[in-house]
Every structure is written in C-alpha cells, then in structure tokens.
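User: I have a structure open and want to go through it in short steps. Please answer each question briefly and finish on the name or value I ask for.

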Amino acid sequence: MTTHTTASPDLPPGLPDLLLGSTEDVLGAVPYLLGFHPAESLVVIGLRGSPPKGRVHLTVRWDLPLADHDLSRILPLLRKEEITQVIVVGYGSGPLVTPAADAAVALFREGGIRLLDALRVEDGRYWSYVCSRTDCCPPSGAPYDREAGAVAVRAVAHGLVALPDRETLERSLAPVGGAARTAMRGVTGRVAEELRRRIAGCEDPDGLAAGIVADGTARVRAAIGVYAAGGRLDDEQAARLGFDLAVIRIRDEAWALITDDAHDAHRRLWQDLTRRLEPRFVPPAASLLAMAAWRDGDSALASVALARAHEADPGYSMANLLMDALRCLLPPHALKDRMPSPEELDLQMGVPRTSWLLPLVVLLEEPPAGPAGPAG
C-alpha cells in the first residue's frame, strides 16, 4: 500500500494563532489544516505553549493502516518544532484506527509529549481513547457537525476550502484533455521546431546558452507577474516556459523567487502549468508547485504535485529531494532558509555554458505524446 505522509509546520493563512477549545473545534479544524476531509487516516496536531492554551503549530497525516516505523519519525520533528502537546485523531473503523492510535498514544507518553486527547471519527460521530466518562463520550459515540462548527465557519469566512477527499485534490492537478490538450500539443510542437532550428543554426554555443538563460529567466519573472495580477499565460507562453524550465538555472530562478509575499502567484502559475504542459515537461513545474505549497503549509497539495512529477520522471532530482523532505517530516524552512537568491545563483553557477542546454536538447529529441485524452 502507498502511504502518504505529510507534515505542515505552518498554518494556512486563514487560521492564524488557532486555539482549539473543544473536541468540536479540533474536528472542525482538521479538514482545513489538511486541505481536505480525511478518511482512513491518522492525524496528529501539534501545539506550542503551556497547557491548556497551546496554539496549533503543525499537522501530520498518515494513511491507514500505518506502514512499519512511520510514527517513529515524528518525535524528532516535535522536539525540533518545540511542540509541547499533541492531539491524535484517527478516521475510520475501530479495527483500522485503534492499533495506530494505541501506538501513537504509547509513543507520545514514552517520549514525554503531553497527550491532550486521542479520538476516533466515523460517520459523523467520535469516540475518545482517553476519556471514560459516558456523559461526554458515550459508547455509541458523540455526534458532531463537520461543517457548522466555529472553526469551520471561521475558515470558510477566510476563504479556505476543505475538499471532500484526497482524490478530489488529486483531480485538481489532473492534466487537461480534449481540445485544450490538442491545442497545447500543437503549440508545443511548433515551439520545439523553432528551438531545433535555432540550435542547429548556432555558431556560438555559449552565446546561445547565455541568450536562452536570459530569455528564460525573464519569462519566469514575467509569468509570476501575470499570475500575481490575476492573469494567465496563453498556450504559446506556457509552452515556451515549459522548455525554459528544462534548463536548471532557469528552474532555479523560479525556485529562488518563491518568497513569502509571492507564494500565491507561484501556486496559481505552477498549478496551471502542471495541468497544461505536455507530460514530459511536467516535473519542473510540479516540483515548483510542491515547493510553493509546502512553504505555504499545504503538504497535501505538495505531495500530490510530487506524485505528478514522479509519474512523468521518477529520477527528477528536485522532486526526489522534496519527497525525501516530506517523508522525513522536515519543516518547510529547512529548505527555505538554504535556497540562494538569484544573485547568489549567478555567483555559484557562473556564466552560462553550452552544457546547461543538454536537458533541453534531450527534450527536443523526445517524440511527442500520443493522442489527447478526455477533457479534464
């Protein structure tokens, strides 16, 4: 079974300084912390501060049943992030949830992490593994409204969305099909032919590399500006950017520009390109989307984006780096703080060289994909 493990050590922008005053608050918050309503999942919410007023700082989710040793990775993360209290929530039937909840409860108690509650949720009711009072936790379960709670109402008021399930999130990154795919494929072919002629007629290879890098980094910056203003690239602009991102220096320009004040534009841009680009062009765009989403505390979207990148190219290094970071439950700032600025990239990489264009040349040699699929 494939296990999706995601950690979000930053809250969504609509839920700053989130305090959970009741079980209903906890259950109302989880879908907005994850971005979708979980099923067959184990969720751990980590809080900072002194009991009983700890504030939510991170959320971690695993698919159930748990893979061996999955839980053991969380203690170093909790200590690094100065988590003092946790809440465990399992979604699904008792036989599915109870072994995982028991393992989590034992782990946190042995690790000296204060456990506020451990819950199981199924069919609109919840049970507590740590409360034995029948007045608040009856054997038949306590009902709750997953849509009408105070936290859910607050999240919706701030524009947050909790998708019905993870599959809906995956469909939000599905490639476009039908007429949109046919049009994009045609434009991509024309841009490819233009680039082949440009490379074949080149008499100054290093000069060509410098020109392609300059044009590509300029297109990256312009595209971010378009999406920041609420616009959208046309098919030719999108196709050209797809070729640009094959050059590592251009892709890293985009990576370096994912800043706190620009992440929304990056999410819209790279999500659009992940859906529209031909499959062999997807890994850079999907990896950039994953970085922007992860930096924004949306590890679920990051995980789905990385799955798209891996599907297109299992060896793509940026996607594998981010997959390892998510799998090891690293917080986003672990990579954010190490990413150089565009100016530092220039100093580190030096002047453009012909060898920089090799990934682009490989793309140009690959045959186009088959017929367009259904509309997406």
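Analyst: Let us start with one helix. In α9, the buried residues are Arg249, Ile250, Arg251, Asp252, Glu253, Ala254, Trp255 and Ala256. Keep in mind that this is a predicted model.

User: How many of the residues of α9 are buried?

Analyst: Helix α9 spans residues 248-256 and is mostly covered. Arg249 and Trp255 are among its buried residues. The count of buried residues is 8 of 9.

User: What covers the buried residues of α9?

Analyst: Several helices contribute. The cover includes α7 (205-228) and α8 (235-244). It also includes α10 (263-276), α11 (282-295), α13 (317-327) and α15 (342-349).

User: Which residues does Thr217 touch, leaving out those up to four places away in sequence?

Analyst: Thr217 lies in helix α7, and α7 is part of the cover over α9. Its relative accessibility is 14%, so Thr217 counts as buried, the limit being under 20%. Its contacts are Arg249, Ile250 and Glu253.

User: What distance separates the C-alpha atoms of Thr217 and Ile250?

Analyst: Along the chain, Thr217 and Ile250 are 33 residues apart. Thr217 touches Ile250. Their C-alpha atoms are separated by 5.4 Å.

User: Is the pair of rings of Phe243 and Phe281 stacked or edge-to-face?

Analyst: The count of aromatic pairs comes to 2. In the pair of Phe243 and Phe281, the ring centres are 4.6 Å apart and the planes stand at 75°. An angle over 60 degrees meets the cut-off, so this pair is edge-to-face.

User: How many residues apart in sequence are the parts that the pair of Phe243 and Phe281 ties together?

Analyst: Phe243 and Phe281 are both buried. Phe243 sits in helix α8, while Phe281 sits in the loop between α10 and α11. The pair therefore ties together parts whose separation in sequence is 38 residues.

User: Which residue lies over the face of Trp127?

Analyst: Look for a charge above the ring. At 4.2 Å from the ring centre of Trp127 lies Arg120.

User: Now the strands. Which residue in β3 stands opposite Ser41?

Analyst: Strands β2 and β3 run antiparallel and are joined by 8 bridges. In β3, 8 of the 9 residues are buried, so the strand is largely enclosed by the rest of the structure. Opposite Ser41 stands Asp63.

User: Is the peptide bond from Leu64 to Pro65 cis or trans?

Analyst: Pro65 is found in the loop between β3 (55-63) and α2 (74-80). Omega for the bond from Leu64 to Pro65 is near 0°. That bond is cis.

User: Is Glu40 buried or partly exposed?

Analyst: Glu40 lies in the loop between α1 (23-34) and β2 (41-48). Its phi is near 45°, a positive value in a residue other than glycine. With 49% relative accessibility, Glu40 counts as partly exposed.

User: What is the relative accessible area of Glu82?

Analyst: Glu82 is placed in the loop between α2 and β4 (85-91). It is not a glycine, yet its phi is positive, at about 60°. Glu82 is exposed, and its relative accessible area is 56%.

User: Last, the whole protein. What share of its contacts between residues at least 6 apart in sequence joins residues at least 24 apart?

Analyst: The protein has 16 helices and 7 strands. Of its 376 residues, 52% count as buried. About 16800 Å² is exposed, with carbon and sulfur atoms supplying 54% of that area. The share of contacts asked for is 73%.

Key. Residues are numbered from 1 along each chain as its sequence is written. This is a predicted model: local features need pLDDT of at least 70, side-chain atom pairs count only at pLDDT 80 or more; totals for chains, interfaces and linings use all residues. Side-chain values use heavy atoms; hydrogens and water are left out. Helices (H or I, at least four residues) and strands (E, at least two) are DSSP runs, numbered from the N terminus. Buried means under 20% relative accessible area, exposed over 50%, partly exposed in between (1.4 Å probe, protein chains only). Contact means heavy atoms within 4.5 Å. Accessible areas come from the Shrake-Rupley method with a 1.4 Å probe; for residues, only the protein chains shown count as cover. Two strands pair if DSSP finds at least two bridges between them. Rings of Phe, Tyr and Trp (its six-membered ring) pair if their centres lie within 6.5 Å; planes under 30 degrees apart count as stacked, over 60 as edge-to-face and the rest as tilted. A charge sits over a ring if NZ of Lys or CZ of Arg is within 6 Å of the ring centre and within 35 degrees of the ring normal.
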